[in-house]
Amino acid sequence: MSKIRHDWYQTETAVVVSVMLKNASQDGVQVEFTETTLSVDIKLPNGSDYTLILDLAHPILPDQSVFKILSTKIEIKMKKAVGQRWATLEGAGEEPVAKSIPAADGVATAAHNYPSSAHSRIDWNKLEADVKEEEKHDKPEGDAALEKLFKQIYGDGNDEVRRAMNKSFSESGGTVLSTNWGEVGSQSVDVKPPEGVTYKKFEQ
């Protein structure tokens with residue numbers, strides 16, 4: 001079996017890790033969260049084991065983190081402890097430094113300290129429903145929404161879909177984004193700017 005890879009992306013409130021393994025068995029996947037680590041153990045069809053252990057760059061909330069097994073991958077969604085952008089997925093697992101801000105009465109506020117780890121029984125069905133409900137009220141807009149959509153299509157797609165997206169976007173100067181490799185694979189993709197817009201190639 002070829003090497004199993006994993007990708008990741010993030011929203012304002014969560015970090016999503018995708019393990020690219022097709023048709024994983026529901027009983028053969030174990031995922032554990034702590035505040036600073038992610039551990040994935042998978043029993044492969046050939047009888048061997050796959051293990052992924054990540055020391056996360058920043059803290060997460062284990063009891064609000066979930067995973068689901070899809071036909072093309074295993075998707076793991078980790079709730080950020082602090083809603084800030086991660087520069088990397090892995091790191092020292094440190095909580096972001098927060099500056100003390102003097103309050104009106106002269107008392108300084110400090111960053112909240114989270115427990116070092118969390119292992120407890122979790123109602124996954126209720127938790128996933130709560131996360132989905134939260135996502136309804138936390139949808140990106142404009143360019144952020146398009147970026148999220150393109151990442152989702154790219155992450156869920158097979159190799160042909162990814163090749164088609166890369167080829168069409170590159171050859172068209174960013175004016176065409178196709179997921180059909182049969183359509184764009186054997187020919188060059190022409191520049192197609194929006195109606196009323198003239199495309200000009202940048203020259204140094």
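What follows is a conversation about a sheet and some salt bridges in a predicted model.

Visitor: What do the values rest on?

Guide: This is a predicted model, in which local features need pLDDT of at least 70 and side-chain atom pairs count only at pLDDT 80 or more, while totals for chains, interfaces and linings use all residues. Residues are numbered from 1 along each chain as its sequence is written, and side-chain values use heavy atoms, with hydrogens and water left out.

Visitor: Why are S3 and S4 called paired strands?

Guide: Strands are DSSP runs of E with at least two residues, numbered from the N terminus, and two of them pair if DSSP finds at least two bridges between them. S3 and S4 (residues 37-43) have five bridges in the antiparallel sense, so the requirement of at least two is met. Within this pair, Phe33 stands opposite Leu38 and Gln30 opposite Asp41, and a hairpin of three residues joins the strands.

Visitor: What makes S4 and S5 a pair?

Guide: S4 and S5 run antiparallel and are joined by seven bridges, so the criterion of at least two bridges is satisfied here as well. Lys43 stands opposite Asp49 in S5, and in the hairpin of these strands, with five residues between them, Gly47 takes a positive phi near 95°.

Visitor: Why do S3 and S5 count as edges of the sheet?

Guide: The open sheet has the order S3-S4-S5. Strand S3 (29-33) and strand S5 (49-55) each have a single partner strand, so one side of each is left without a neighbour in the sheet.

Visitor: How do you know that Asp7 and Arg5 form a salt bridge?

Guide: The term asks for a side-chain nitrogen of Lys or Arg within 4 Å of a carboxyl oxygen of Asp or Glu. For Asp7 and Arg5 the N to O distance is 2.4 Å, so the pair qualifies. The search of the whole structure finds four salt bridges.

Visitor: What makes Lys68, Lys73 and Glu75 a network?

Guide: Glu75 forms a salt bridge with Lys68, the closest N and O atoms being 3.7 Å apart, and another with Lys73 at 3.5 Å, so that both distances fall within the 4 Å limit and the three residues are linked.

Visitor: Why is Glu75 called buried, but Lys68 partly exposed?

Guide: Buried means under 20% relative accessible area, exposed over 50%, and partly exposed in between (1.4 Å probe, protein chains only). Glu75 has 15% and is therefore buried, whereas Lys68, at 34%, is partly exposed. Lys73 is buried too.

Methods: Helices (H or I, at least four residues) and strands (E, at least two) are DSSP runs, numbered from the N terminus.
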